Amino acid sequence: MENSEGVKIESTVVTEEPLISALDIAFFVVIITVAYFWYFKRDKQSSSSEKKPYTIQPSSLSSIEQTSNSSFIKKLKSTGRSLVVFYGSQTGTAEEFAGRIAKEGARYKMKGMVADPEECDMADLVEMKEIQKSLAIFCIATYGEGDPTDNAMDFYEWLQNGDADLEGLNYAVFGLGNKTYEHYNEIAIYIDQRLEELGATRVHEIGLGDDDANIEDDFVSWKEKLWESVCSHYGIEETGEESNIRQYKLVDCSEVLPERIFSGEISRLKSYENQRFPFDVKNPYLSKIAVNRELHKSGDRSCMHIEFDIDGSKMRYDTGDHVAVYPKNSSELVDKIGELLNADLDAVFSLLNTDEESSKKHPFPCPCTYRTALTYYLDITSNPRTHIIKELIEYASDPKDQEKLKLMASSTPEGKKEFHEWILRDNRNIVHILEDLPSVKPDLGHLCELLPRLQCRYYSISSSPKVYPKSIHITAVLVNYTTSTNRVNKGVATNLLAQLIPTNDELPQPTIPIYIRRSQFRLPPKSQTPIIMIGPGTGLAPFRGFIQERDYARKEGREIGEMVLYFGCRKKDEDFIYENELQEYVANGTLTKLHLAFSRDQPEKKYVTHLLEQNADELWNIIGEKSGHLYVCGDARSMAKDVHSIIVKVVMEKGQMTNSQALNYVKKMEQQKRYSADVWS
């Protein structure tokens, strides 16, 4: 009683004479909470605006107008346009095609605009019928294993889940794909069919571009027939006027303060000096190169093992993910362009969009020097497309050079043949063209407008975050080859990486911008599930991470399933990468079986596909009887297709199925994520 009375008395004293009442405390908490959220929101908005430093908004815009920026319909109506070209682009090609179509619209009395579906309210498509003689064109790439590009994902999901009435919408679709992949142009085909299902009217049949062949030819051929269909559908005629209007105007920025000039940043000014999480495609992390070592034991080829330091970055990755690396062009090629055009590469300039309604004010971060643009922002090593060739004609002072360019820019059979042989087969880039046609002296500002953006390069991550949480490993073959014109072409990213060798002294370590791209290439959720991995050459990369992760689980005392690896290379003593690691995993039991194929160590070529055919019983035991997972990584053009055919054959024979049943079985494996591919062409 005394104790409880004592407590009760003490309690009474506290409540009768408080220093801070409960109401005061509650009021104080509310103030702190409001202040926190106010500060957080302001900081978030500030950060968001800094990520888009060159989206210029007129100061006269009202708050209502600012909130309606996603309405492409309002932009069309306010500017008297009837053509909108949407693009789904991962590398920039679809965006480039969209721009060319929009530009040509003027020849058919259809003023056009280019639109990014990620920045638009695509539900506004239902209002397109309110604009007389309106047309929506979709240039849509299929990415990876039948996926939409990042910027088209929301639109794709809107089509899948929505049920909008699109009657009155006139449309056409051009797809960008690659026939070496199983899901060739799958997204474009779906969008074309889905728009029709929702009531829209197809003005012209879908075009399917094949990047494994000549996607430029596919696009040009489709585009010519598109305009014929447009003229027929709307009862209009071509004006016959060539549209060579510049999309951007050149601005002299010599008076701009040095601290306002971009020097290679992807989006936010000074982002490499002041790094801010989260890191993504527009805000990459400047990673130090921790390790860069040669994997090949001999021979004239090179394969690098590179480790990016991500300690302190807050970046996280999963086994099977990709890392994107932002390269830069060689100073030798950049200087060559300056020399050929007699240009001051250190002059500061900007390119400003002549279309005030466009959300894309600049083709790349501006203002900057020509040297910066040619080094970090523009692709100067790929084969120029025909629209660039066409724009170069006016700069040729020699009639012979002019006629050659005219021929290659034409859509005639002779022109297509010349373009294919002189540009594609001989692998000429813009530098080679300027060298071989010396009278062609384009304005450097115009050239910067024409050239496509330099894209980041993706690599399969060859490490597990369980084992290496503070670093990302990649396995990359150095790309160097001699063309038919006796020029040495070099891979932009791999040749840069080859030069970034960390030192042991106190000098600043080499760095490169990176970010992580998520993948669906994943280990089974249960560590006991058996798996088969097929990865010749650098296709081994993600499987190195898989093995590390399973080895980590084994050391923790968890049960792990069978791991069977098929690896192939040319010669055991030359390019058997990670040999010691793999043999150690075999010795400790993590790697159940290691099947090796050295194609040139014997008179007859021997590949992993031969080993797969020889081990049909083992294959069926894992993927059929034990419901295991099968993974393929490497060349899509031949290896991955051959593997697929062999798997179907094994399922037929060992599973006692017909060809149709076997195909359905393999298809079901893919749907269940039991058959996964991480391939490239």
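Where in this structure is M563 found? Hello everyone, and let me answer that straight away: M563 is in strand β20, which covers residues 563-569. Please keep in mind that we are looking at a predicted model.

Let's stay with M563 for a moment. Is M563 buried or exposed? Its relative accessible area is 0%, and since buried means under 20%, M563 counts as buried. M563 also has a partner in space that you might miss from the sequence alone: T590 lies 27 residues away along the chain, and the C-alpha atoms of M563 and T590 are 7.0 Å apart.

Now let's widen the view to the sheet around β20. β20 belongs to an open sheet of five strands with parallel pairing, and the order is β21-β20-β19-β22-β23. At its edges stand β21 (593-598) and β23 (675-680). Each of these two has a single partner strand, so one side of each has no neighbour in the sheet. On average, and ignoring direction, neighbouring strands here are turned by 10° against each other.

If you want to follow one pairing in detail, take β19, residues 531-534. β19 and β20 run parallel and are joined by four bridges. Within that pairing, M533 has L565 of β20 as its bridge partner.

There is another sheet to show you. This open sheet has six strands with antiparallel pairing, in the order β14-β11-β18-β9-β10-β15. Its edge strands, pairing on one side only, are β14 (457-460) and β15 (471-477). Neighbouring strands of this sheet are turned by 40° against each other on average, again with direction ignored. How many bridges join β10 to β15? There are seven, and β10, residues 303-309, runs antiparallel to β15. Here D309 stands opposite S471 of β15.

Next, please find strand β12, residues 348-353. Five of the six residues of β12 are buried, which leaves this strand mostly covered. β12 pairs with strand β8 (residues 248-252) in the antiparallel sense, through five bridges. One pair to look for is D252 with F349 of β12. β12 also pairs with strand β13 (residues 368-369), antiparallel as well, over two bridges. In that case V348 is matched with T369 of β13.

From strands to a helix: why do we call α21 largely enclosed by the rest of the structure? Because seven of the 10 residues of α21 (residues 616-625) are buried. Those residues are A616, E618, L619, W620, I622, I623 and G624. Just after α21 comes S627, which takes a positive phi of about 50°.

Let me finish with the empty spaces inside. Searching the whole structure turns up two cavities of 30 Å³ or more, and the largest has a volume of about 80 Å³. Which residues line the largest cavity? They are N214, E216, D217, V220, T386, M408, S410, S411, K416 and F419. By character, the lining has three nonpolar, four polar and three charged residues. Helices α8 (215-234) and α13 (413-425) each supply at least two of the lining residues, and α8 gives the largest share, with three. Looking at domains, domain 1 (72-234) and domain 3 (329-454) each contribute at least three residues to this lining.

Thank you for listening, and I'm happy to go back to any of these places with you.

Methods
Residues numbered from 1 in each chain as written. Predicted model: local features only at pLDDT ≥ 70, side-chain atom pairs only at ≥ 80, totals over all residues. Heavy atoms only, no water. Buried < 20%, exposed > 50% of the residue type's maximum accessible area, 1.4 Å probe, protein only. Pairing = 2+ DSSP bridges. 1 Å grid on protein atoms, 1.4 Å probe; cavity = no way out; pocket = protein on both sides within 12 Å on 5 of 7 lines; lining within 4 Å. Points joined across faces, edges and corners; volume = space filled by probe spheres on them. Nonpolar A, V, L, I, M, F, W, Y, C, P; charged D, E, K, R; others polar. Domains from an automatic or database assignment. Axes fitted to C-alpha atoms, helices over the stretch in contact; angles between N-to-C directions.
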